[in-house]
Amino acid sequence: MRPQQPLDHRLLLFGAFFATMPLYAPNAATFARALSIADDGIRHFALPMLAVALASGLAISLFGRKGRAGLVTESRPWGAAGAVVYLGGLALLVFDALGVVAEPFSLAKLAAGALCGFGLTVLCCQWGLKFSKLDIRAALLHLSLACGLGSLASLGLAALSGVAYFIGFFSLAVAGSLGASAGSAIQIEGEQGSREPDKVVPPDSRERPLWPAPAELAPSEPARRCGGRLDTLRRLASVAALPCLGLAVFSLVMSLRKFSLFGTFDIELIAGIVAAGIALLLCMAPLRRPFYSFGYEEFLPACALVLIVCSCFPVGSAVQVLSAALMYVVFALVALFALASIVAVVHAREFPPLTVLGLTPALIAASSLFGIAGSSLMPEDAVGPSLLVVAVAYFAGLIMTAIVSLARAADRSDTIERPDLRDTPHLAALFQQRCEEVGASCGLSPRETEIMQMLGRGHNPTFIARTLVLSLSTVRTHIRNLYKKMNVSNQEELIALIDGEPSPS
């Protein structure tokens, strides 16, 4: 299963946004060095930026899904406004550092941080909407290319100074901001084929959207509304918990401690380039398993196991020093997989896009704030051991989660063995055509037809959920619905119906 979606060169402009985004700690450190801003001064900018990004991300996640607010936050003017606010905040910080703005108590830095925090959140949501036309493998391919190029650009900026640095920085910042604000969500949906949101039929058999507008909920039903939100959070956690946790730990580690090469280049930037190259190779690899499962049940746990073993060697040994450097590469891979998984969650349209996308910058901001607070409260010699404890705890949890998932997969007996249609393109095309005909005759929705086709190949609900990055409960609900429409009671009867055979007794 190699990526089938063609490369969209417009999405590579995300690399320019990534190279200048101060929400990423190495970029903020490079920016502070170029402006000769002391640590206290950059904190006056970073803290309000992170606080506003946290608040605005949560606000978009909670209210952006509703009525006019959702239409506004997905529109082109909203993206353009975010770009103007973001670039204005960066310009204000530069003017303050150059002494153009004379003000007491670092008010300009506070205002610049607040503007950047709000603008960054809007632009992150806009970029997420653009990437949401991609599945997880294609998203990882594009993100790896963009972030790898962005890390290269950041290294180039770190080697510059004075006017050359500011010209390069603002050129990339403008390009990244315009890339996010150009186009609208409607255009993106058109490129996706204007797919309608998935619908789930609840136990009371009344069909309703997964994220209804406020008018569709009676004001006298607060209990049902609360239950629906809790169910949405539960399903969202089942598919996005691992990516969100990985992104949070990555942001925490990046903000907790900094390492430099030759006193200029942050090792995080080097690690980002290496991780992007590894991720690109993974995108090209032929896999039989869902890409999501491969990443979180095989590849990342294997990397974590190697790092844990290497970290057990004596401090100062060659293996231990190598593991300390490789840890940043692995965390960069974790972040890339996390971003690609979050994009895939939005792509699946099980949840409101802005609910997921708003949480992403809020999560990064919250983790960075926690890391900054920890680094300021802890003694300098305690930061390194604390970083190692956090890394080992996360990696151990990743390994245990993979072991539990693989053990459950080995115990499943609901998979029906069928000849692999993927190795015979002609049979695969005929099978797909037959599934589309059966789906149309039975009145199945596009999502139900997609799931019916995977069931016809012999896959179980868990495999389908991991492939489509849907929650297992939603997949099972879709299966119940399509069984009812097709008048079958199990997977064997469904396969017989697709193959045109008599139903097994």
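Is Phe313 buried, partly exposed or exposed, and what is its relative accessibility? In this predicted model, Phe313 counts as partly exposed because its relative accessibility is 40%, a value between the limits of 20% and 50% that bound this class. Phe313 is found in the loop that runs between helix H12 (291-311) and helix H13 (318-348). Together with Leu305, Val309 and Val319, Phe313 makes a nonpolar surface patch of about 320 Å².

With that residue as a starting point, the overall picture can be filled in. The protein chain has 505 residues, of which 49% count as buried. Its secondary structure comes to 20 helices and four strands. The accessible surface of the chain is about 22,700 Å², and carbon and sulfur atoms account for 68% of this area. When contacts between residues at least 6 apart in sequence are considered, 80% of them join residues at least 24 apart.

The interior comes next. In soluble globular proteins, nonpolar side chains tend to be buried together. Here, the largest nonpolar core has 106 residues, and Phe14, Phe331 and Phe395 are those with the most contacts inside it. Helix H13 gives the most to this core, contributing 18 residues. A second core, separate from the largest one, has 22 residues, among them Phe431, Met452, Ala465 and Leu468. Returning to Phe395, its contacts can be listed by name: leaving aside residues up to four places away in sequence, Phe395 touches Ala304, Leu307, Ile308, Met327, Val330 and Phe331.

Charged side chains offer another view of the model. The structure holds 11 salt bridges, and several of them can be followed residue by residue. Arg289 forms a salt bridge with Glu297, with the closest N and O atoms 2.6 Å apart. Arg289 also meets the side chain of Glu298 in a salt bridge, again with an N to O distance of 2.6 Å. Arg289 is partly exposed, its relative accessible area being 25%. Glu298 likewise counts as partly exposed, at 32% relative accessibility. Glu297, by contrast, counts as buried because its relative accessibility is 9%, under the limit of 20%.

Glu297 has a further partner in Arg466, and the side chains of these two residues meet in a salt bridge of 2.7 Å, N to O. Arg466 lies in helix H18 (residues 461-468) and Glu297 in helix H12, so this pair ties together parts that are 169 residues apart in sequence. Arg466 counts as partly exposed, at 26% relative accessibility. Elsewhere, salt bridges that share partners join Asp231, Arg234, Arg235 and Glu350 into one network.

Ser405 also belongs in the account of Glu297 and Arg466. With residues up to four places away in sequence set aside, Ser405 touches both Glu297 and Arg466. Ser405 is placed in helix H15 (residues 380-411). The relative accessible area of Ser405 is 15%, and therefore this residue is buried.

Aromatic rings complete the description, with a count of 22 aromatic pairs. In one of them, the rings of Phe31 and Phe169 have centres 4.7 Å apart and planes at 40 degrees, so the pair is tilted. This pair links distant parts of the chain, as Phe31 is in helix H2 (residues 25-35) and Phe169 in helix H8 (residues 162-181), 138 residues apart. Both Phe31 and Phe169 are buried.

Trp78 and Phe118 form another pair, with ring centres 5.9 Å apart; their planes are at 80 degrees, so the arrangement is edge-to-face. Here too, distant parts of the chain are linked: Trp78 is in helix H5 (residues 76-97) and Phe118 in helix H6 (residues 107-131), 40 residues apart. Trp78 counts as partly exposed, at 23% relative accessibility. Phe118 is also partly exposed, with a relative accessible area of 31%. Finally, ring pairs link Phe291, Tyr292, Phe294, Tyr296, Phe299 and Phe337 into a cluster.

Technical notes. Residues are numbered from 1 along each chain as its sequence is written. This is a predicted model: local features need pLDDT of at least 70, side-chain atom pairs count only at pLDDT 80 or more; totals for chains, interfaces and linings use all residues. Side-chain values use heavy atoms; hydrogens and water are left out. Patches are made of residues with over 30% relative accessible area and no salt bridge: like charges are joined within 9 Å, nonpolar side chains (Val, Leu, Ile, Met, Phe, Trp, Tyr) within 5 Å. Accessible areas come from the Shrake-Rupley method with a 1.4 Å probe; for residues, only the protein chains shown count as cover. A salt bridge is a side-chain nitrogen of Lys or Arg within 4 Å of a carboxyl oxygen of Asp or Glu. Helices (H or I, at least four residues) and strands (E, at least two) are DSSP runs, numbered from the N terminus. Buried means under 20% relative accessible area, exposed over 50%, partly exposed in between (1.4 Å probe, protein chains only). A nonpolar core is a set of buried Ala, Val, Leu, Ile, Met, Phe, Trp, Tyr and Cys residues joined through side-chain atoms within 4.5 Å. Contact means heavy atoms within 4.5 Å. Rings of Phe, Tyr and Trp (its six-membered ring) pair if their centres lie within 6.5 Å; planes under 30 degrees apart count as stacked, over 60 as edge-to-face and the rest as tilted.
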